[in-house]
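This briefing concerns how helices pack against each other and how nonpolar residues gather in cores. Please view the structure first, then read the points grouped by topic.

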Amino acid sequence: MARRSSIGFAAAVGGLAGASLAAHRGPKSAAGAALVGAIGLGASEALARARQQEGEIPALWQRIAVSTAMAAPLGWASEKVTGAGPVAVGTATGAVVGAMGLRPQKVAMGPVVGAAVGQALSAGPAPAAVVASSTVLAYRSLSALVFRDSQVSLLADRVNAADLPFVVPRPARSRYVGTDYVRDLAVELGADYIADAQETGIVASLDVLAGPGFDPGRVDPVVREFYEHTTRFALDIVPRWRLWVRPGYLLYRTLVARPLGQASVPMNQREVQRGIRSRIDTVTGVDGTVSVRGWIRSFADDDEPIMVGIYTTYNHRGCGYVSVGFPVPAGSFTATLRPRSRPDRGLRLTSRVQDGQAGHYLTYVDPAADELTVLAVHGFEEQLDVFVQDGALRAEHAFWVFGLPFLTLHYRIEHKPAT
């Protein structure tokens with residue numbers, strides 16, 4: 001069933017691409033090109049799936065073919081709406097596909113390749129659909145030659161959640177996550193829901209995280225209190241974005257994060273001045289045990305979501321871990337972090353270890369079969385340090401992509417006024 005679905009999707013993409021590429025020649029030519037495109041891309045998808053081995057993602061050549069085809073109708077639409085020429089279309093297409101590459105070198109390479117393709121095809125001039133698809137083909141082919149280490153790899157295909165303790169299998173059931181996610185989850189599970197639960201932490205106890213490199217007994221009492229009673233504290237975020245990542249993140253935030261209601265980090269201090277609301281919503285089972293802890297951060301003025309994270313802990317071979325799942329439609333993005341003690345009695349949670357558990361994982365959840373398909377996201381790393389400095393509680397949350405820092409979130413954390 002899954003193979004037939006993927007072939008059908010590829011055929012649809014190929015048909016739409018063919019029609020877009022030949023649209024300037026008239027309806028008859030567009031219809032013929034659509035048929036050729038559907039047959040061609042559908043057949044290549046069938047071949048790629050037939051040759052695909054267990055534990056592999058589809059072949060690179062087929063992924064390039066599909067993405068190239070998907071660019072054609074977008075180029076056609078941009079020409080109809082904006083009337084942009086080949087160079088502009090190529091540059092914009094390159095910028096978008098480069099931003100999707102995440103790696104800084106890929107981000108920078110995208111618009112350069114796009115501008116070169118657009119310039120080469122401007123003599124005709126070529127239709128925008130041809131420019132867009134040619135840009136994606138050139139960019140992805142060049143990327144495959146220059147950057148040979150994979151950004152993602154298939155970790156597991158259709159396995160039970162119990163086999164992957166480092167994944168939080170909590171998907172969004174709609175296209176919008178939002179600040180009501182935990183409430184909707186409780187309704188789905190038929191369990192008790194508490195909004196803005198008081199005296200609640202993102203973990204039940206730091207003691208469950210004990211293991212090599214981390215002794216909960218050495219943690220400063222205020223740091224422990226923050227993790228075990230997070231709702232006692234108010235937070236302010238000061239984001240520090242690297243300049244090279246700002247354009248790509250602005251595009252992502254506009255097109256993805258805000259419409260999704262998830263992972264929309266403030267861009268600057270002006271946005272932070274809107275205020276940050278932090279709360280923990282919980283779902284409690286029939287035995288009275290909290291089964292879901294959702295730490296929800298939003299802007300205080302209108303409750304626009306910033307982050308919706310589901311926090312869990314587990315132990316693997318004597319080591320404790322914190323896994324944070326960020327629900328997305330039909331799946332989740334999980335950050336699994338290993339605790340480390342700091343010399344100043346603070347706590348470090350990091351993915352910058354190679355132990356087979358810590359890391360970042362993108363998961364598709366099949367609700368009917370209750371099975372997971374998981375991609376390991378390589379090159380993305382993060383580290384959260386919570387510590388006491390000059391008598392005040394502080395946190396620094398740093399992110400890297402392929403070893404290059406791109407964002408640090410500085411948190412000012414204070415006890416809420418007594419009520």
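Helices H5 and H6 cross in a right-handed manner (the near helix is turned clockwise from the far one by less than a right angle; anticlockwise would be left-handed). This is a predicted model, in which local features need pLDDT of at least 70 and side-chain atom pairs count only at pLDDT 80 or more, while totals for chains, interfaces and linings use all residues. Residues are numbered from 1 along each chain as its sequence is written, and side-chain values use heavy atoms, with hydrogens and water left out.

**Helices H5 and H6**
- The axes (lines fitted to C-alpha atoms over the stretch in contact, with angles from 0 to 180 degrees between N-to-C directions) of H5 (residues 104-120) and H6 (residues 128-146) come within 9 Å and cross at roughly 135°.
- H5 is therefore oblique to H6 (angles under 35 degrees count as roughly parallel, over 145 as roughly antiparallel, 65 to 115 as roughly perpendicular and the rest as oblique).
- Residues in contact (heavy atoms within 4.5 Å) include Met109 and Val113 of H5 and Ala138 and Leu142 of H6.

**Helices H2 and H3**
- H2 (residues 27-51) and H3 (residues 60-82) pack at about 155°, their axes 10 Å apart.
- H2 and H3 are therefore roughly antiparallel, and their crossing is left-handed.
- Among the contact residues are Leu41 and Leu47 of H2 and Trp61 and Val66 of H3.

**Nonpolar core**
- The largest nonpolar core (buried Ala, Val, Leu, Ile, Met, Phe, Trp, Tyr and Cys residues joined through side-chain atoms within 4.5 Å; buried means under 20% relative accessible area, with a 1.4 Å probe and protein chains only) has 42 residues.
- Phe226, Tyr227, Trp241, Val386 and Ile413 touch the most other members of this core.

Conventions. Buried means under 20% relative accessible area, exposed over 50%, partly exposed in between (1.4 Å probe, protein chains only). Helices (H or I, at least four residues) and strands (E, at least two) are DSSP runs, numbered from the N terminus.
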